[in-house]
Structure formats: structure tokens, C-alpha cells
Amino acid sequence: MTGAAYVLAALGKNASLPARIGPFLVSLLVLLVCAHIGVRKFAPGASPLLLPLATLLHGIGYVMIARLSDRLAGLQATWSLIAVACFIAVLVALPRVADLLRYQYTFLFLGVFLQLLPLVPGVGFSSGGARIWVSIGPINFQPGEFAKLCLAIFFAGYLSEQREVLSTGGKRIAGVQLPEMRTFLPVMLAWGVSVVVMVAEKDLGSSLLFFTLFVVLLWVATERTGYIVFGGGLFVLGAFIAYNMFGHVRDRFAIWLDPWSQYNGKGYQIVQGMFGFAEGGLSGTGLGLGDPTRIPAVKNDFIFAAIGEELGLFGATAVLAAFVFIIGSGLRTAIRTDNAFEKLLAVGLTTILGVQAFIILAGVLRVLPLTGVTLPFMSYGGSSLVANYMLLGLLIAISHSSARRLHEVPQ
Amino acid sequence: MNRVIRRLAIGLLACYALLFVQLNVWQVGKRAELRANPLNNRESVRQFDAPRGPIVTSDGVVIAHTVELANNTRDASGYTYQREYPTKELFANVSGYYTYAYGATQVEHLYSDVLAGTTAKQQLLAVGSTFNNVDQTGEVQLTLNSELQKLAQRQLGTREGSAVVLDTRTGAVLAMYSNPTYDPNTVAVHNNDDAGAALEALADAPGKPLLANAYQERYMPGSTFKVLTTATGLEAGFISTASEWPDENSWTPPNTKNPIQNYGKKTCGGDMFEVFRRSCNIPFARMSADMGPEVMVNGVEKWGVGEKLPIDLPNAAASTFGGEVADFTDSLALLAIHGFGQGSVQMVPLHMAMVAATVANGGAMMKPYVVAKTLAHNGTELSSTSPEVWRQPISPATAATLNTFMVGVAKEGTAKCCLALAGGIQAAAKTGTAQLNAPGKTQRSHAWITAFAPAEAPRVAVAVMLKGVNAQISAGTGGTLAGPVAKVLLDRALKVVPQ
């Protein structure tokens, strides 16, 4: 499917068959077959939906990137290779995901370290307004993408052990049951650090993502709706403070409400995105036949607008559906497993993927103010792709181990 | 925990349902509105930034074409295709320019559909190859000859003015150049601000370089207009080859005290052949006053004076006799002055070439045209111009008489100095020196000639007009200044147009 789309895109753009179509198709197929064999070999009991859906998104995203820029396509192809290698490595290294529980504090420190890394002078640098980049030698990457995984593992581990205490213990003040401070502290600390860092790094999207992850995991672990209410309240408060403290937050908000008044400035991107969607209509202009390069940052944050323009409502809906199915499979994995840690981890990982995709899609579609995060599996960017494939590897590993415990596959 | 996870699933599903709704709003609900938004120029840019066929001269020289920037690259303005004019200013007045923000002019404007490949015929030809994305662009082939055009440019040199060469039998324009002109490459730049600045500078420049002076401007014709006056007299039966005019150096028309004089205050008279050859003013003044406003005005209108010239280019000018019948009824003096091409008579240079061509063509005035044919990308002919008679201002007999008069001008008259064609071919001509200022002021005059050749079997006609913008031009006459230009052009044109 990806191969066919790639050919179409090249035809639409250059009216000739892409010269490297043979090697491209073969290497792509080999890559996907490798991933598939990896799953069959190391996690045969895994949900059969996750990998195909992810590779579908990856493929459409890759074709769109290739259509936007040949140079980026080459880089993205290299990252794809690394990502699939990491995916298989996760499957090989983690026959029992539950073992990760033992290293939860390691992951806490690793997560915090990765999150802080861009703030270290000489290593970290800013790009596009956010200080989320790290440069080591010739490689630039966004450690935050990996920090998410680490922190999800820590939260899942910690909460799976402390959930009883958190949901029952503690004093009652004014009729509200408060958890014990002693057990609650590390979680608050982890969350506080990452939020503070996010604000310092001016990465609103990731900040929102972390916060959601934290609240959702607390909610699921304790089964107490109060955490959602509490979290929602904290979010409103945080948003209010951020709105008053940061000019760029106010800008984002104003553009969301009325991008037209700032057409020649900060509203240009979102307006061009809307024009792109409108141009696409039901069936799209066809790959390579639209004009998505008018949208700034179309290769990463706004890749969904390019899909809407060239593949139309049908293509964009397919992408939305793929994300919904991945979320469904991820949560089904969480429900099927009886191990509390695995359950929470599966919820956490699915939340990261689903909410991150929602944040950027909602931003591009003007459902929410725009905050720049990548669209998992689709946007251009190595760190994001590798981290998301590792995330997928973890989900598949959980899916497999629960299937094994349910004796659906041989031990 | 599973209960909560299911709730979470429902929550996330609701979020994505919201996205789907909003996606529908943009892609379906508000689609038309967004596409029609004036800020949204995707549609117009896509139409503009596309392949476009060439404009080619009759001898195969490309005067306008579109080049694609290196694969996948765009210039600073975000375009992939650039319109270029390899001959620079040489054909600017015919090709025109093609811009995004300021539209297109001349052939670029009139034949835009053919060049872009969007005519119904071209679309039909492309059906069946929808998936190969074939080049649908069309080609426009001109009647103009690049060598002749270059010659016109070189002959005018730094002098302001126009030169037009026609095929007398078809009306095909072989060359049409005017100075000053402009380089369309400076206007066809993609940066809208730069293009606007270039156009503004050209609009303010002296000599109106943006206007194709040869067919979009009109000038006092001087004695070249006597061809029309003589033709009117012959057609109306007021004069004949036998008409005689007294030798005189001054004549005062009825109801006025201001006398009319000949050029250079000379004494001048004789038979019709003689006064035409020497271009005496008084006989033509008398002739016009005798014929009266109605005959005179009707006579020149038969030549299309007062009507927009029917050339296949936009915004052609119309020549003017400078008044209606009623304007001359009480002022025969004015009519007399207009009769020899002074006063407010104004002729378009192209029109003057058409006058000579009409005499050459036995009285049939052909529609001038610059586009010979249009071709689809695969070479299929889309259209071709068939020569058409615009009007028949004079009978073949009158045309034959005028032919002998004009031969006299070339042989032993005002153009004797300068119109001896190569190979002894006989030319026929009428010169003009249009005096722009009233006596007593600094004298400024346009130098005109209108001519055709060979006199016995004409094939080509020419009109040359040098604007009297300085003392150098104004010191000369139509014969001495415009004559040599006409000779060079006729010599070359006779080689271009076969017998």
C-alpha cells in the first residue's frame, strides 16, 4: 500500500516513475517483514492489529515526507531502519515486561535526566522556539521523546505498588480523602520536575501530555474519579497561570480563536492548514498534486494537513481510524493482562500515543490551541519515530506476555 | 481497574470523534467558503505556476517560453515555473508579459488558454492520457519574422518611433516594432513587489514604453494623409488624373484671414501627379474645402478612420480625422488643414501601413494579424488565421491611379533620395512631415513614410514614423529620415515574402 502510494505521489509530482522505486519497495518490504518476523518470533501472542496499523501510519507519513522533500525522505528512511531495529531489540530484550518493575527508579532518574538534558549548556539547544534539542557529535535528537517512555514506566511501576495506599490511606480533610503525603511525594516530584522543565523548555504540548499521562494513570490506578476532577482543576489553574505568564501562550490562544486577524503573522500556518483541508475536500487532490508546501512545518507538526489536502477526507479519516484502532488495541491489551504493572504500563503507553496524536491533530484542526508535538509514526523526525516504535514494542510485549499467561500461546 | 480503562477508552474515542467532526467541517462543510476566501490563492497560483507553451516567430525563433526550475525546487516566491522572454525587448509589444499579480498583455493575454492548454480542444486531446500527466500546453506561431523585426529595431536605433511591415495580400504583420519599449523579463519576475515597481517605473517613463506605440498610439500624419484625401477626391469624382492646380505659395480658405502655405513656403502647383509627387499643401487644402465636410468625412471613414483597428491584439487604437461633419460645416479652413494631414488628424502607424497595403492590394483593406496559427503540444493545428478583407475603401481603378501617384513620389518626388530598392525593384510611397507646433514656436515634426513594393505586383507594405521629440528629427523630412528605414525594411521583406 505504501509502495503504491509512493509511486502515485512521484507520478503526480514528476509524471515519471521514481528511479529508485525497486530498491525503495524492497527495502521497505524487508523492513516491515523483519518487524513482522520479530513479532512472530519473540511475541507470537501479541495483538495482531498493532504492528500493521503502526506501519500503515508510518508508510503514509513516509510517502508524504518523500513527496515534500527528497532529502528528508532519505534521512527518514535511515531513521525507519533504526526504529525497526529498536523495536525488535525491545521485543528481544523484554521477554517479560513485568521485569521492568524492578528498575522503576532507574527509569525515573533516566527520565528526569533525559528531560533535563536540553537545558544543559553546550549540549542542548533551541529550535523553533522550544529548547528540547540535544546535540551530541553529529546527532541531534529530542530526549523528551524517550523521557516519556521512562516516566511512563516509572509511573506505572510506582502506582502499581502504591495504588492500595493511594486509594485508601491518608487523612480526611473536609470530607475529602487525601492520600498519604509520604507515598504521594515521589509521584508529585516526578510530575513537578517534568512540568517545570517543560515550562522552562517552552514545550507546551509535551507538558500537557505529561500532565495527562500522570492524571490518567492516577485515575486508573486508584479508580477514584476525584483525581480526574483534581487534575482537571489543576489543569485549568495551570492554563490560567500560563496564559497570564507567557506571551507565547496568549498568542497561541488568540490564534486559535481568530487566526484570520493574524494571517500575515502567527496565524498564517493554521490558516494555510485550513486552506489545505478545504482544497482536499472528500477525495483529496491526489498525492503529489496538492500544494501542501505552503504550510510552514508541514513535514512535522502539520503533516496531517498535507494528508487532508492530498488524500482528502477519506485518507484523513483512515488515519484517524488507525489511531483509534491502535488506542483500542492498546487498552484491550491493558484489560486482558492481570498484572497491575503491565496494565498500568499499557494504559500509560496507549495514553501517550493517543493523547499526543490528539493534541497535535486537535491543534491542526483548530479544536484546541496549537501546541507543537509530533504526530506519532507520521511526522518527520528520528527521535519521535524511534521512541514510538519502542513504545509499540513495549505494548506488543505486554500483549504477548498476557496472551502467554492466558495460555493462548505455548509458554 | 478495567472499568476505568473502559471509561478511558470511551473518553479517548469521544476526543477522536470530535476531531472527525471538525475534519468534516473543514473538508466538507466550510470547503466552498474557505476556497473562495480572498486570502486563499491556491487555485490561482496553481493555474499560474504551471507549464505554458511557447510563442514562436514565423522563422522559428522562440520569443516567450516557460522554464521549470531544477527538480523539486522553488524560487523565493514559491514558484516552480518561470516565464522567460529570450529576445528581451524585441517582441515585447507583440508577446506582452505574463505575471501573477498584474495579469497578462498582448498575445500572452489573448492566447493564455491555448498556451496553458486549457482550451476545450486541448482538453479533449489530453483525454485518454489522464494518467500520464502529458504536457497539454499549446504553441502560438506568429506571422512576424525575427530578422525583419531585428532590422526594424536596428534601423530605429535610439530614435523614438514605430515601424510596421505588412504582407499586402493577407494583412499578416511581418514586423512591428516601436521605440521606446521594455524588456518583459523585468516585469515577469515572481516577486509581486518587484513586478509592481517595474511596471510603475515603465508607466511613468517618457514615450510610454509599455504601450505598443505602433498600434496603440496615434500621431499627426502630415502629408501621408494626402493618400486618403486624394482617394476621396477620386472616388467622389471631384478630381481626376487630369486635374490641374495653380502655381501659388499662399491660399486663404473661405471665411478666414489665415493663409495656407506649402511646406517650406515654396510655390507649388501642376497636375494631380505633380502636386502629389511634390506634396504641395495648397491643392489638397483646396480639394478638401471644395469637397466639403460630408464628402471628406465619409471618404476618410471608409478607410476605417475613427474605428478601432481590427488587429488580433488587445486595446488597439483608432485613428481620428479630428472632427465630425458638423465640426467642419462652419469652418472649411479647418477642413482644408485636415485635408493635408495637419491639425488634429491622427493616424496609428499600423493604420498608415494598412493604407499603403490597401493601395497595393487593389483597394481591399485586409485585417492585420500577428498570429498565424495555434498548435497543440502534439503538433495538431488548433486554429489558423485566414486572411480577411476588413473593408474596401476604394475601387481597383482608384487604387491603380494612387499606385502611379505613389510611384511618382518614390521615383522623382519627396522620397526620391532614399527609396531605390535593391535589384532595381520599383517602390511606391508617400512621405509626411507633420508639423506639430504653430508657426513661430520651436519647430517639431514627425517624419513619416508609407510605402509598398514592388509597384507593379505589390507584396509588402511598410509604415515608418519617427517621433519629432528633438531638433535632430524635426530638422529632417519624412523622405530623408523615414525613407532610408523603409528602404531597408522593404528590401528585406521582399526576401521574406515569396512571389
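**Note on the α3(A)/α4(A) contact and on B:Asp113**

1. In this predicted model, four residues of α3(A), namely A:Tyr62, A:Ile65, A:Ala66 and A:Leu68, meet A:Asp70, A:Leu72, A:Ala73, A:Gln76 and A:Ser80 of α4(A). Sorted by class, the residues in this contact are six nonpolar, two polar and one charged.

2. The two helices concerned are α3, residues 50-68 of chain A, and α4, residues 70-93 of chain A; their axes come within 6 Å and cross at roughly 150°. Because angles over 145 degrees count as roughly antiparallel, α3(A) is described as roughly antiparallel to α4(A). The crossing of α3(A) past α4(A) is left-handed.

3. The length of α3(A) agrees with expectation: at 1.5 Å a residue its 19 residues should span 27 Å, and the end C-alpha atoms are 27 Å apart.

4. As to its surroundings, α3(A) has 17 of its 19 residues buried, and therefore this helix is largely enclosed by the rest of the structure.

5. In chain B, B:Asp113 belongs to helix α6, which covers residues 112-116. B:Asp113 has 14 other C-beta atoms within 10 Å and is therefore partly exposed, since that class lies between the limits of 12 or fewer for exposed and 20 or more for buried.

6. Leaving aside residues up to four places away in sequence, B:Asp113 touches B:Thr118 and B:Thr119. B:Gly138 is separated from B:Asp113 by 25 residues in sequence, while the C-alpha to C-alpha distance between them is 8.4 Å.

Conventions: Residues are numbered from 1 along each chain as its sequence is written. Chains are lettered from A and ligands numbered from 1 in the order in which they are written. This is a predicted model: local features need pLDDT of at least 70, side-chain atom pairs count only at pLDDT 80 or more; totals for chains, interfaces and linings use all residues. Axes are lines fitted to C-alpha atoms, for helices over the stretch in contact, and angles run from 0 to 180 degrees between N-to-C directions. Angles under 35 degrees count as roughly parallel, over 145 as roughly antiparallel, 65 to 115 as roughly perpendicular and the rest as oblique. A crossing is left-handed if the near helix is turned anticlockwise from the far one by less than a right angle, and right-handed if clockwise. Two residues are in contact if their C-beta atoms, placed from the backbone, lie within 7 Å. Ala, Val, Leu, Ile, Met, Phe, Trp, Tyr, Cys and Pro count as nonpolar, Asp, Glu, Lys and Arg as charged, and the others, Gly among them, as polar. The expected span of a helix is 1.5 Å times one less than its number of residues.
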